[in-house]
Amino acid sequence: MEGGEGEGSYANNSQAQIPEIVLEKRSTTYNKGRVFIHGANESTVNAYKKQFQTDLAEFLRARSIEMKRGGSLFLVRLGRTSADPTDQGGAVLLFGIHFQYAWDDLLQEGLISCEKRDNFNIPVYAPSLQDFKEVVEADGSFTINKLEVFKGGSPLVVSRPDDASEVGRALANSCRSISGVLVNAHIDDKLSDELFLRVANQATIHAK
């Protein structure tokens, strides 16, 4: 994208915050029973989309102040190919089924309350190209030179891909490297260890 003198590159995957309305029990956007928005109802996803729009616009305006006219910004972030915003694409690998089931396991074992689980949501929204384009054009700080989706392979690095336990540990470690600080802030360190142990167990069971 053009907008300043010199060049800059950034990786930008998470939102500044989760939209507060998804934690309001009386709201139709309440993301009850979920810790991520994959498969959530439309109003919940729209709240996340609006938060993404706000956060990206603020990010672009801040970068435009740092740069002089005529430069370029190379921005890489998580995205999706589906037009359906309830389908969060590759983010589901880390924050979808295995992560969700791990929280549910803690709940079923009596280690956390239902309220404790429901008050946690991952602040991630994977936009489509159209989502991204709309924000850039509406903000006006930059113009888009090139916008495309790069499809990568698995984010898991394992030496023995046929070893289910190694795959499970790798997924849990990847998940924790991104969300661990948020989880630790929401539940204590001991429960955090228990949670990611269950992420590893769930991923091991479904390693194939």
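# Exercises on Rings, a Helix and Salt Bridges

With a relative accessibility of 0%, Phe99 counts as buried (under 20% relative accessible area is buried, over 50% exposed, and in between partly exposed, with a 1.4 Å probe and protein chains only). The model is predicted: local features need pLDDT of at least 70 and side-chain atom pairs count only at pLDDT 80 or more, while totals for chains, interfaces and linings use all residues. Residues are numbered from 1 along each chain as its sequence is written, and side-chain values use heavy atoms, leaving out hydrogens and water.

## Exercise 1

Classify the aromatic pair of Phe95 and Phe99, then the ring pair of Trp103 and Phe120.

Solution.

1. The structure contains seven aromatic pairs (ring centres of Phe, Tyr or the six-membered ring of Trp within 6.5 Å; planes under 30 degrees apart are stacked, over 60 edge-to-face, the rest tilted).
2. Phe95 and Phe99 are 5.8 Å apart from centre to centre, with 70 degrees between the planes, and form an edge-to-face pair. Phe95 has 4% relative accessibility and is therefore buried.
3. The ring centres of Trp103 and Phe120 are 4.7 Å apart and their planes stand at 25 degrees, so this pair is stacked. The two residues come from distant parts of the chain, 17 residues apart: Trp103 belongs to helix H3 (residues 97-108), and Phe120 to the loop between helix H4 (114-118) and H5. Here helices are DSSP runs (H or I) of at least four residues and strands (E) of at least two, numbered from the N terminus.
4. Trp103, at 0% relative accessibility, is buried, and Phe120, at 4%, is buried as well.
5. One aromatic cluster joins Phe36, Phe95, Phe99, Trp103, Phe120 and Phe196.

## Exercise 2

Compare the expected span of helix H1 with the distance between its end C-alpha atoms, and locate the residue that lies over the face of Phe59.

Solution.

1. Helix H1 covers residues 42-66, which is 25 residues. The expected span is 1.5 Å times one less than the number of residues.
2. H1 should therefore span 36 Å, and its end C-alpha atoms are 36 Å apart, in agreement.
3. The buried residues of H1 include Tyr48, Phe52, Phe59, Leu60 and Arg63.
4. Arg63 lies over the face of Phe59, 4.9 Å from the ring centre (CZ of Arg or NZ of Lys within 6 Å of the centre and within 35 degrees of the ring normal).

## Exercise 3

Determine which parts of the chain are linked by the salt bridges Lys25 to Glu115 and Asp193 to Arg176.

Solution.

1. The whole structure has 14 salt bridges (a side-chain nitrogen of Lys or Arg within 4 Å of a carboxyl oxygen of Asp or Glu).
2. Lys25 and Glu115 form one with an N to O distance of 3.9 Å. Lys25 is in the loop between strand E1 (7-11) and H1, whereas Glu115 is in helix H4, 90 residues apart.
3. Lys25 is exposed at 54% relative accessibility, and Glu115 is partly exposed at 44%.
4. Asp193 and Arg176 meet at 2.7 Å, N to O. Asp193 is in helix H7 (residues 189-205) and Arg176 in helix H6, so the bridge ties together parts 17 residues apart in sequence.
5. Both ends are partly exposed: Asp193 at 44% and Arg176 at 29%.
6. Finally, Lys32, Asp104, Arg117 and Asp118 are linked in a salt-bridge network.
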